[in-house]
Amino acid sequence: MAGYINFEYYLRQDYRNLQWCPGCGDGAILQAFFRAVHELNISKDDMAVVSGIGCSGRISGYIDFNTMHTTHGRPVAFATGIKLAAPDKYVVVFGGDGDQTAIGGNHFIHACRRNIDLTIIVINNNVYGMTGGQYSPTTPTGFKTQTTPYGNYDSQFDIVNLAIGAGATYVARESVLKPVILTKYIKKALQHKGCSVVEVVSNCHINLGRRNKMKSPHAVLDWIKEHTVPLSRAKKMSEEELAGKVVTGEFVEIEKPEFTDSYYKLCESLKGE
Amino acid sequence: MSNRKGVYTGNELIALAAIDAGCRFYAGYPITPSSEIMEVMSKELPKVGGAFIQMEDEIASMAAAIGAAWTGVKAMTASSGPGISLKAEHIGYACITETPVVIVNIMRGGPSTGFPTAPSQSDVMQARWGTHGDHPTIAIVPGNAQEMYYETVRAFNLAEKFRTPVFILGDEILGHMNTMVELPDPSELDVVEREIFQPKDGEKYKPFDMSKGDVPPMGAFFRGYRFHLTGLNHNEYGYPTIEKDMIRQQQERMMKKVENHADEIVKNELFNMEDAEYVIFAYGSTGAAAKLASKVLREKGKKVGVFRPITIWPFPDKQLDEVIASGKYKGIMVAEANLGQIIYEVERVNKGRLPIKDLLKLDGTPVSPTDIVNRFEEVF
């Protein structure tokens, strides 16, 4: 199934005003998403893609689906309305780390809690890129950004733990360095009935790397390679060895009642009243 | 045949009217004094196969309603002042994406948490300018139980017709007052159905088409064609644009689709105005009090009429101007349950022609007919 894909088929032919910097991870993530959609043979007409604000937010404009570029942090709330009104359709959310864990944190955790059948892809580049490089809830300690000029002294969210704690029923994380595995996770997320969260560890050399001695895309990708550890290997590592590492893999895959399913079953039971 | 005579609160009437008008999606968050609207929706919508969801906050409620609207359903949310402040972000998104959606504000005291269980009319300017940026506003101010029902139906119709959010501004009194009402059979109602764009062979849907008059055709997701929506300034296809002519044209069309059609949206009640010498300008529950005050004042020999707007935005410029220009009246008294909001609109239209007096009251109690009678006798 992994054969030839005409990516142009999934890209809008009449809008291509690309806002991303050369070397950005967003393109590789989009490619993995297209592969997943292609391999699952999902019709473009049966899928809505909703995004927030920021670099990741621009994804919805470039791709030829039913797309909604919403407000900062709120794509999950819009997507919840779409999914509840059209429960038999695929609804995918793209958001960044700032989008999903800062301003949109409330919507993110409640979608997880409801276990509504959304596929939420969180592109975590550890920084607010679009606004020029301010620190986000996932910027590592010590990193310099435009609002942590002396190094970051704030604490971080672990997006995977946040999603698990909030009740998401499929949770996985992979980096842009492993597009084949990433494609597999996105496919599973799309097929999973319930709230799926896929965190993608991505690179921003312009607004994060550049200020932290990683000026090229490669330097940031090398850093990602160094600090990500597959779950299988992490299981054999001590707590000290895991300090500062980001574990990748599939963390949760369980079945729980899905929100729209429960709601429409209720409607069915009230018929004729 | 209708067999729905009963005692209803204003909030219940709004919810029932919404369902009768074809609303099949509600997203909300609990807030006094509007929660009963959501409670009725949670009970009634599942019975008709519509969707109900209690969201995590007010911002999300507005977002979910907009998302649902673009799947082709009529959607609504309701709240009160503090909640509307939060929804403001997405009211702007609904304006720029030209999304039909109905927003109810059962007004209470403010600012901030204010007086949750008391009425006010302090949010009329918020309805006009609560979200940032230039945008059109349609807002209805029902003045009694019947209007809570019928004006809700009209709100849905206006939302469909003009592809824009429509406010219903009630207040705590109207929301909680019990009244005997006979509801009509829904089939007797004049309901504007959603017309969803269907492309002819190979035609590309333009959600912001400027060639189809002031209101572009409304599309929907999952209908075999695909399109884009964004809160950014956009071109006819909905794609972001920085082209100045396109931004100006789209922005102007968005404003004009309401301005140019004000006559189809504006609605007023002129009460006891035929032979009147003075005019009380009042809306909502204060408008109802003004009508009673007019009767009392007439018994006292004062010929007083009432100009009661039922649509407050767009403001009834033309209709009020006609009244003032007729030369029949000696003065206007504006009564409202706030410290002065709509009075400035009346002054703007008046252009200094008639003396304008005020009755502005904001203490957690409604403006009563007695308040109006006493103040009128004081000033005129």
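**Chain contacts and a helix pair in chain B**

Q: What joins β2(A) to β10 of chain B?
A: In this predicted model, 3 bridges link β2(A) to strand β10 (residues 228-230) of chain B, and the two strands run parallel.

Q: And which residue of β10(B) is the bridge partner of M68(A)?
A: That partner is L229(B).

Q: How many residues of each chain are in contact?
A: On chain A there are 36, and they are in contact with 36 residues of chain B.

Q: Which elements of chain A supply at least two residues each to that side?
A: They are α3 (59-62), β2 (66-69), α4 (75-85), α6 (105-114) and α12 (259-270) of chain A. The largest share comes from α4(A), with 8 residues.

Q: How do the residues on that side of chain A divide by type?
A: The side of chain A that touches chain B has 15 nonpolar, 13 polar and 8 charged residues.

Q: Changing topic: how do the axes of α11 and α12 of chain B cross?
A: Helix α11 (residues 317-325) and helix α12 (residues 343-350) of chain B have axes that come within 9 Å and cross at roughly 60°. The two helices, α11(B) and α12(B), are therefore oblique to each other.

Q: Is the crossing of α11(B) and α12(B) left-handed or right-handed?
A: The crossing is right-handed.

Q: Which residues make the contact?
A: From α11(B) come D317(B), L320(B), D321(B) and I324(B), while α12(B) provides V346(B), V349(B) and N350(B). By type, the contact of α11(B) with α12(B) consists of 4 nonpolar, 1 polar and 2 charged residues.

Note on methods: Residues numbered from 1 in each chain as written. Chains lettered and ligands numbered in written order. Predicted model: local features only at pLDDT ≥ 70, side-chain atom pairs only at ≥ 80, totals over all residues. Contact = placed C-beta atoms within 7 Å. Helix = DSSP H or I, 4+ residues; strand = E, 2+ residues; numbered from the N terminus. Nonpolar A, V, L, I, M, F, W, Y, C, P; charged D, E, K, R; others polar. Pairing = 2+ DSSP bridges. Axes fitted to C-alpha atoms, helices over the stretch in contact; angles between N-to-C directions. Parallel < 35°, antiparallel > 145°, perpendicular 65-115°, else oblique. Left-handed = near helix turned anticlockwise from the far one by under 90°.
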